[in-house]
Amino acid sequence: MILRDKPSWRELAFAVRGSIITAVGPKVIALMIYAGFMVWLHDQITGFPDIDGVAFTVFGIALSLFLGFRNNAAYDRWWESRKLWGGLLADVRSFAREAELFLPEPVDRERVIRLMLAFMHLHRVHLRQVVDDPRARELGAEFLTAPHPPCAVLDRINALLAQARQAGRLDGFGAKALAERLGSITLQQAGAERIVKTPLPYVYSLLIYRTTYLYCLLLPLALVTPAGWLTPFFVGIVGYVFLGLAEVTEELSHPFGTTPNGLPLDAICRAAEISLAVHLGDPVPEPLRAKDFYLS
Amino acid sequence: MILRDKPSWRELAFAVRGSIITAVGPKVIALMIYAGFMVWLHDQITGFPDIDGVAFTVFGIALSLFLGFRNNAAYDRWWESRKLWGGLLADVRSFAREAELFLPEPVDRERVIRLMLAFMHLHRVHLRQVVDDPRARELGAEFLTAPHPPCAVLDRINALLAQARQAGRLDGFGAKALAERLGSITLQQAGAERIVKTPLPYVYSLLIYRTTYLYCLLLPLALVTPAGWLTPFFVGIVGYVFLGLAEVTEELSHPFGTTPNGLPLDAICRAAEISLAVHLGDPVPEPLRAKDFYLS
Amino acid sequence: MILRDKPSWRELAFAVRGSIITAVGPKVIALMIYAGFMVWLHDQITGFPDIDGVAFTVFGIALSLFLGFRNNAAYDRWWESRKLWGGLLADVRSFAREAELFLPEPVDRERVIRLMLAFMHLHRVHLRQVVDDPRARELGAEFLTAPHPPCAVLDRINALLAQARQAGRLDGFGAKALAERLGSITLQQAGAERIVKTPLPYVYSLLIYRTTYLYCLLLPLALVTPAGWLTPFFVGIVGYVFLGLAEVTEELSHPFGTTPNGLPLDAICRAAEISLAVHLGDPVPEPLRAKDFYLS
Amino acid sequence: MILRDKPSWRELAFAVRGSIITAVGPKVIALMIYAGFMVWLHDQITGFPDIDGVAFTVFGIALSLFLGFRNNAAYDRWWESRKLWGGLLADVRSFAREAELFLPEPVDRERVIRLMLAFMHLHRVHLRQVVDDPRARELGAEFLTAPHPPCAVLDRINALLAQARQAGRLDGFGAKALAERLGSITLQQAGAERIVKTPLPYVYSLLIYRTTYLYCLLLPLALVTPAGWLTPFFVGIVGYVFLGLAEVTEELSHPFGTTPNGLPLDAICRAAEISLAVHLGDPVPEPLRAKDFYLS
Amino acid sequence: MILRDKPSWRELAFAVRGSIITAVGPKVIALMIYAGFMVWLHDQITGFPDIDGVAFTVFGIALSLFLGFRNNAAYDRWWESRKLWGGLLADVRSFAREAELFLPEPVDRERVIRLMLAFMHLHRVHLRQVVDDPRARELGAEFLTAPHPPCAVLDRINALLAQARQAGRLDGFGAKALAERLGSITLQQAGAERIVKTPLPYVYSLLIYRTTYLYCLLLPLALVTPAGWLTPFFVGIVGYVFLGLAEVTEELSHPFGTTPNGLPLDAICRAAEISLAVHLGDPVPEPLRAKDFYLS
C-alpha cells in the first residue's frame with residue numbers, strides 16, 4: 001500500500017510512484033496517436049463520418065455509471081478485506097487475553113498463542129500465494145504441506161484445547177469462550193478466502209473494458225469537427241480518466257496482491273507479533289515502516 | 001462461475017466464453033437491421049418523424065438510472081449469496097472443531113460431522129433443484145424424500161445432540177455452543193433460500209425491459225438525421241451495452257443457477273469436504289478446479 | 001408476490017398481470033390527451049410559450065435522482081422486510097431444535113412449539129391488519145383479544161419456560177439459549193412492526209409526486225416545437241416510466257400489503273408449519289403454490 | 001411524524017400540512033420576484049449577461065449530486081434512529097421476559113421493569129431536551145437531577161441486579177443474560193445520543209446552501225433568453241425543488257426533534273408501556289394515535 | 001468538530017469559521033486570474049482554441065461521479081469512526097456495570113474501571129498522535145512507554161481479571177461476560193486504528209486532484225465564447241464547488257485529526273469520565289462545551 005500525504009502541487013504535476021500512469025501511459029499515447037490520425041483522415045476525406053455530440057453524451061453517462069458501479073464494487077472489496085484483517089488482529093489480541101484468563105497452565109497458553117501467530121503468517125501466505133516465506137516457515141513449518149495450512153493450524157489449536165479440556169486444565173466457560181473466538185477467526189479467514197476466490201464477475205470486466213475502448217475509439221469522430229487538432233489532447237485526457245479508473249478498480253478488486261494498492265498484510269502480521277510478544281515474554285519487534293512510501 | 005484473469009487485448013476483442021454475446025447477439029443484430037430499415041425509410045419518406053436529441057438525453061439518463069439500480073440490486077443478491085456460502089463454510093469448519101472440543105465420544109463426533117457434510121450437499125441440491133445428484137445420494141440418501149431435505153439433516157444432527165445430552169455425553173456448555181452453531185447455520189441456510197424464493201420484483205423486470213426496448217426502437221429516429229448510415233452501427237453499440245447489462249443482471253440475480261455467473265457451489269462443497277476430512281480421518285480429496293475457465 | 005420467469009417477448013409486449021399498467025394507465029392516457037391539446041393550442045396561438053430543452057434536462061436529471069432515491073429507499077424497505085421474515089423462519093426452526101435439545105419433557109416442548117406456530121400467524125395477521133383469519137383463530141384464538149396479540153404469545157411462551165425452569169425441568173443453559181432465541185425473534189418482530197408503522201416520510205411523497213406531475217405537465221411545452229404531433233406519444237412514454245416508477249415504489253414501500261408486490265407471508269408461515277410439523281409429529285402440509293403467478 | 005396515506009389528487013394540489021411549503025414558500029416567492037426583476041432588466045439593458053445553457057447543466061448535475069448525497073445521509077440518520085428505537089422497544093420487551101425467567105422474586109422483577117419504563121421516558125426526554133415532562137417526572141423524578149438521567153436509571157437497575165445476585169436471588173445464567181440485555185440497551189442508547197450530538201458536518205450545510213442559492217440566483221441569467229417572461233415561473237419550480245429538498249434533509253437529519261418529520265418517540269414509549277403493563281399487572285394504556293395526521 | 005445550527009442568511013453569506021474558504025480561497029482566486037488572462041488572450045489571438053460545450057459536459061459528469069464517490073467514501077470513514085467511538089462509550093459504560101455485577105470485591109472493581117478510563121485517553125492520544133497529553137499522563141503514565149499503550153492497558157485489565165479469577169474473586173460467568181466486553185472494546189479499538197492506518201488509496205487522490213485541476217484549467221476554453229468576461233466569475237464558482245468538495249473530503253477522511261471536522265474525542269472521553277465517576281465515587285466533571293463553535 002502506498003502511504004503518502006495529501007499530494008502537494010509538485011506531486012500533483014509529477015508524481016509517478018503510486019500513480020497509474022505507468023500502467024495506462026502507453027495505451028493513452030496510442031489513443032492519442034490514433035486520434036491524430038483520425039483528424040488527419042478527416043481533413044483528407046470529404047464525407048468523413050461525424051458523430052452527433054448529444055447522442056454521444058448518453059453513451060458517456062452510461063459509461064460513467066458502469067465505471068462508477070465497478071469502482072464502488074472494487075473499493076468495497078478492498079475495504080471489506082481491510083476490515084476482515086482488522087477484525088482478525090482484534091480477534092488475535094482477544095484470543096491471547098482469553099487464553100491468559102481461561103488457561104491456567106502457562107505451557108498450554110504459550111503453545112496456543114504461538115500457534116496463533118503461525119496462523120496469521122500462514123493465512124497471509126495462503127492468500128497471497130507466496131511460494132516460500134521465511135517467517136511462515138519459521139513459525140509453522142510443519143503445516144506447510146497440509147492441504148489447507150491455515151485451517152490445519154486452527155485445527156491444531158482446537159485439538160490442544162480439547163486435550164486441555166479433557167485433562168481438566170480448561171473449564172467449560174473457557175472452552176466456550178475460546179471456541180467462540182476461534183469461530184470468529186474462522187469467519188474472518190473464510191471471508192478473506194471468499195474475496196480471493198471470487199473475483200468480480202468476468203462478464204463485467206469484458207463489458208466494461210469493451211465499452212470503454214469503444215468509447216475512446218469513437219470519441220475522435222465526435223470531437224473532430226468542434227475541436228479540430230485539439231482532439232488528440234482531449235482524447236488523451238478522457239482516456240487517462242476512464243482507462244485510469246478501469247486500472248485502479250482492477251487493482252483494488254484484488255486487495256491481497258502486492259500491487260501498490262494491495263493491503264499491507266506484512267505490517268498487520270507484524271502488529272500481531274507486537275501484541276502477542278508481551279503474552280509470550282518474547283522481545284517486542286519494531287513495527288514495519290513504509291519503504292519509499294510503500295508498506296508491504 | 002467463469003474464472004479468468006484480467007482480459008488481454010486479444011480476449012477483449014474476441015472472447016466469447018463468459019461474454020454475454022451469445023445471449024444478446026441475435027437481438028442486437030435484429031435491432032441493427034431494424035435501424036437500417038429506418039434509415040432507408042427516412043430517405044424514402046419526406047416528413048419522417050425526427051426526435052430531438054435533448055429530449056432523448058433525459059430518457060437515456062432515466063434508463064441508465066434504472067439499469068444502474070437493477071445492476072446494484074442483482075450484484076448485491078449475488079454477493080450476499082456468496083457471503084452466505086462463505087459463512088456456511090466457516091460455520092461447518094467451526095462446527096467440526098466444536099464437536100471435537102465438546103463431544104468427548106468419537107462415535108458421536110463422527111456421526112454429526114458426517115451428517116453436516118450431507119447437509120452441505122443437500123442444501124446445494126435443494127437450492128439448485130438438481131433432480132439426482134450422486135454425491136448427495138451417497139451421503140444423505142435417507143433424507144432425499146423428506147419434505148425439506150436440508151432441514152431434515154439438521155433436525156437429525158440436533159436429535160443426536162439431544163440424545164448425547166440426555167445420556168450425559170454432552171455437557172451444558174457443549175450443548176449451548178453446538179446449538180448456537182446450528183442456529184447460525186440455519187440462518188445462512190434460510191438466507192440462501194430467501195434469495196432463491198424471492199426474485200427481484202417482476203414489475204421491475206417488465207418496466208426495465210419494456211423501457212430498454214422502447215429506447216432502442218426509438219433511438220434510430222433520434223440518430224437518423226445527425227448520423228445517417230452510421231445509425232445501425234450506433235444502435236448496435238447502444239443495444240449491446242443496454243441489453244447486455246439487462247442480461248448480466250438477469251443472470252446475477254439468480255446466483256444459484258449453473259449459468260456462467262452462477263456461484264461455484266460444487267467447489268465450496270468440496271472445500272468443506274477437504275476441511276472435514278481431517279476430523280473424520282478420511283482421505284483428503286483434491287480441490288475442484290475450473291474446466292475451460294468454468295468452476296461449477 | 002408475483003412469481004414469473006424472465007419475461008418472454010410476448011409477455012414484454014402484452015403482460016398486464018404484475019404490471020403497473022392497470023394503476024398508471026388512465027393517468028398516462030389523460031396526460032397524452034392533455035399533450036395533444038397542447039400541440040393543437042400551439043398550432044392555434046402564436047407566441048405559445050416554448051421551453052428550452054437544456055433547462056429542462058436539468059429538471060429531468062433532478063427528477064431522476066429523486067425517483068432513484070425513493071426507489072432505493074422503497075426497495076430497501078421491501079428487502080429488509082423479506083430478510084426479517086427469512087430470519088424469523090430460521091429462528092423458529094432453531095427454536096424448535098433448541099426446545100428439543102434443552103427441554104427434556106415432551107409436554108413442555110410441544111406446548112411451546114405449538115405456541116410459536118401461533119405466533120407466526122398472529123404476527124402475520126397483525127402486520128397485515130387482517131380482521132379475521134381462520135388459521136390464526138384456530139391456533140391462537142385466546143390471544144386475539146390481547147392488546148398486542150403476537151407479544152402476548154411470546155409472553156405466554158416465556159411464562160411456560162419460567163414455569164419449567166422453576167420446576168427444574170429446564171436448566172440454566174437451556175433457559176439462556178431459549179431466552180436468546182426469543183430475544184432474536186422479538187427483534188425481528190419489532191423490525192417488521194417498525195416498517196409497518198413508519199412509512200417513508202410523507203413530505204417526500206408530496207415533493208416527488210408534485211415534481212413528477214409538474215414535469216409531465218410542462219414536458220409538452222418543451223417537446224412541441226421539435227416533436228410536433230409526436231409529442232403525445234413521447235409524453236406517454238415518459239409518463240409511463242416516471243409515474244410507473246412512482247407507483248412501483250409506493251407498492252414496494254408497503255411490503256406487508258397484499259398487493260402484487262407484497263411479500264408472501266402466507267407461504268412463509270406455511271414453510272414454518274412444514275418445518276415444525278416434524279417436531280410436533282403432525283402431518284406435514286403441502287407448501288403453498290402460486291395461483292395465477294401470485295403467491296400470497 | 002406525519003402519518004398520511006398516499007396523497008390523492010386533491011392533496012397533491014393543495015396539501016399544506018406535512019408539506020415544506022410553509023418553510024420554503026417565502027424564499028421561493030422572493031426568488032420569483034428577483035427573477036422577474038432580472039427579466040425586466042434584461043429587456044432594458046442591452047448587453048445584459050447571458051449564460052450558456054450547457055455550462056449551466058454541469059452546475060445543475062453537480063448540485064443534484066450534492067443534494068442527493070445530503071439527502072441520503074439525512075435519510076440514513078433518520079432511519080438509523082428509527083431502527084435504534086425499534087431495537088430499544090424489542091430489548092425492553094425481552095428485558096421484561098428475561099426478568100420473569102431469571103428473577104424468581106416478584107419484587108425484584110417489578111422494580112427493574114418499572115425502572116426500565118422510567119429509562120425509556122428519560123431517554124426520550126434527554127434526546128429531545130424537553131425541560132419538564134410530566135410522565136418522566138412521574139416515573140423517574142429521582143433521576144432528573146443526575147448528571148446523565150438515562151444512564152443513572154440503568155446504573156440503578158444494574159445495582160439492583162448486583163444486589164439480587166449477591167443475595168442469591170439471581171443465578172449466574174440470569175446475571176449473564178440480563179447484563180447482555182443491558183449492554184444491548186446501552187448500545188442503542190449511545191447510538192441515539194451519537195446522532196443527536198453529531199450533526200451532519202457544518203461545512204456541508206454551508207457548501208450546499210451556498211451552492212443552491214448561487215444556482216437559483218444565476219438561473220434567471222441562463223433562462224432569460226430562451227424563456228422570457230416564463231423565467232420567474234421556472235425559477236419558482238426549481239427553487240421549490242432544490243430549496244425544498246434542502247429543507248427536508250435539514251429536518252430529517254435531526255430525527256429526534258418535534259418537527260413534522262421527527263420520530264414519534266411518545267408513541268414508541270407508549271408501546272413500551274403497553275408491552276410492560278402485562279408484566280407489571282398494570283392496566284394497559286391505549287396506543288397513541290395521530291392527531292390531525294401528526295403522531296408525536 | 002464545528003457545532004453550529006442551520007446557517008442563517010447572514011452566515012450563509014459571510015461565515016468563514018467552519019467554512020472551507022480559508023483552504024481553497026487562494027486557489028480559487030488564482031484560477032479566476034488565470035481565467036481572466038485566458039479571456040484576454042482569446043480577444044488578442046485569432047484562432048484561439050475553443051472547446052465544444054457538449055464534450056465538456058461528459059467530462060463534468062465523470063468528474064462529478066468521481067467526487068461523489070470520494071465524498072461518500074470519506075463521509076463513510078468519518079461516520080464509521082464516530083460509530084466506533086459511540087460504541088466504545090457504550091462498551092465502557094457496560095464494562096463498569098458488569099464489573100459491579102460480577103466483581104464482588106470493590107478493590108478489584110475500582111482498579112479495572114480506573115484502568116478503563118486510562119484506556120480511553122491513551123486510545124485517543126494514540127489515534128491523534130498527541131506527544132504529551134496531561135490527562136493521559138495523569139491516568140496512565142506507566143503505559144506511555146509501552147510499544148502499544150492502549151493495548152498495554154487492556155492487557156493489564158485482563159491480567160487483573162485473571163488474577164481475580166484464580167483467587168476465586170471472579171466466577172466463570174463474570175469472566176465470560178467481562179472477556180466478551182473486552183473483546184468488543186478490542187474490536188472497536190482495532191477499527192479506529194484501521195481507519196487511521198489505512199488512508200483512502202493514494203491513487204484516487206492523485207487521479208481526482210489531477211482531474212479536478214485539469215477540468216478547472218480547461219473550463220475557460222469552453223466558456224470564453226459563450227460567457228465572455230463573465231468567464232472568471234463562473235470559473236470561480238466551479239472552482240469553489242469542486243476544490244471545496246475535494247478539500248472537505250480530504251478532511252473528513254482523516255476523522256481523528258483536530259481539523260474543524262475532526263471528531264470530538266476529548267468530549268467523548270469526558271462523557272466516559274462522567275459515566276464512570278459514579279462507579280468510582282469520584283466527583284462528576286462538567287461535560288466539555290464547544291468554544292467558538294468548536295468542540296475538541
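Where in chain A is Trp229(A) found?

## A surface tryptophan in chain A

In this predicted model, Trp229(A) lies in the loop that connects helix H8 (202–227) with helix H9 (231–252) of chain A. Because its relative accessibility is 54%, and exposed means over 50%, Trp229(A) counts as exposed. Together with Phe37(A) and Trp40(A), Trp229(A) makes a nonpolar surface patch of about 380 Å².

## The nonpolar cores

The largest nonpolar core has 487 residues, and the members that touch the most other members are Trp85(A), Trp85(B), Trp85(C), Trp85(D) and Trp85(E). For one of these, Trp85(C), the contacts, leaving aside residues up to four places away in sequence, are Met120(C), His123(C), Arg124(C), Leu127(C), Ala192(C), Phe256(C), Leu265(C), Ile268(C) and Cys269(C). There is also a second, separate core of 5 residues, which includes Ile61(B), Ile61(C), Ile61(D) and Ile61(E).

## A buried loop residue between chains C and D

Thr198(C) also belongs to a loop, the one between helix H7 (172–197) and helix H8 (202–227) of chain C. Is this residue, Thr198(C), buried or exposed? Since its relative accessible area is 0%, and buried means under 20%, Thr198(C) is buried.

The residues that Thr198(C) touches, again not counting those up to four places away in sequence, are Arg77(C) in chain C and Met1(D), Trp78(D), Trp79(D) and Arg82(D) in chain D. With Arg82(D) there is in addition a polar contact, made between the side chain of Thr198(C) and the side chain of Arg82(D) at 2.7 Å.

Note on methods:
Residues numbered from 1 in each chain as written. Chains lettered and ligands numbered in written order. Predicted model: local features only at pLDDT ≥ 70, side-chain atom pairs only at ≥ 80, totals over all residues. Heavy atoms only, no water. Patch = residues over 30% accessible without salt bridge, like charges linked within 9 Å, V, L, I, M, F, W, Y side chains within 5 Å. Areas by Shrake-Rupley, 256 points an atom, 1.4 Å probe, with all protein chains shown as cover. Salt bridge = Lys/Arg side-chain N within 4 Å of Asp/Glu carboxyl O. Helix = DSSP H or I, 4+ residues; strand = E, 2+ residues; numbered from the N terminus. Buried < 20%, exposed > 50% of the residue type's maximum accessible area, 1.4 Å probe, protein only. Core = buried A, V, L, I, M, F, W, Y, C linked by side-chain atoms within 4.5 Å. Contact = heavy atoms within 4.5 Å. Polar contact = N/O pair within 3.5 Å; in protein donor to acceptor, adjacent residues only side chain to side chain.
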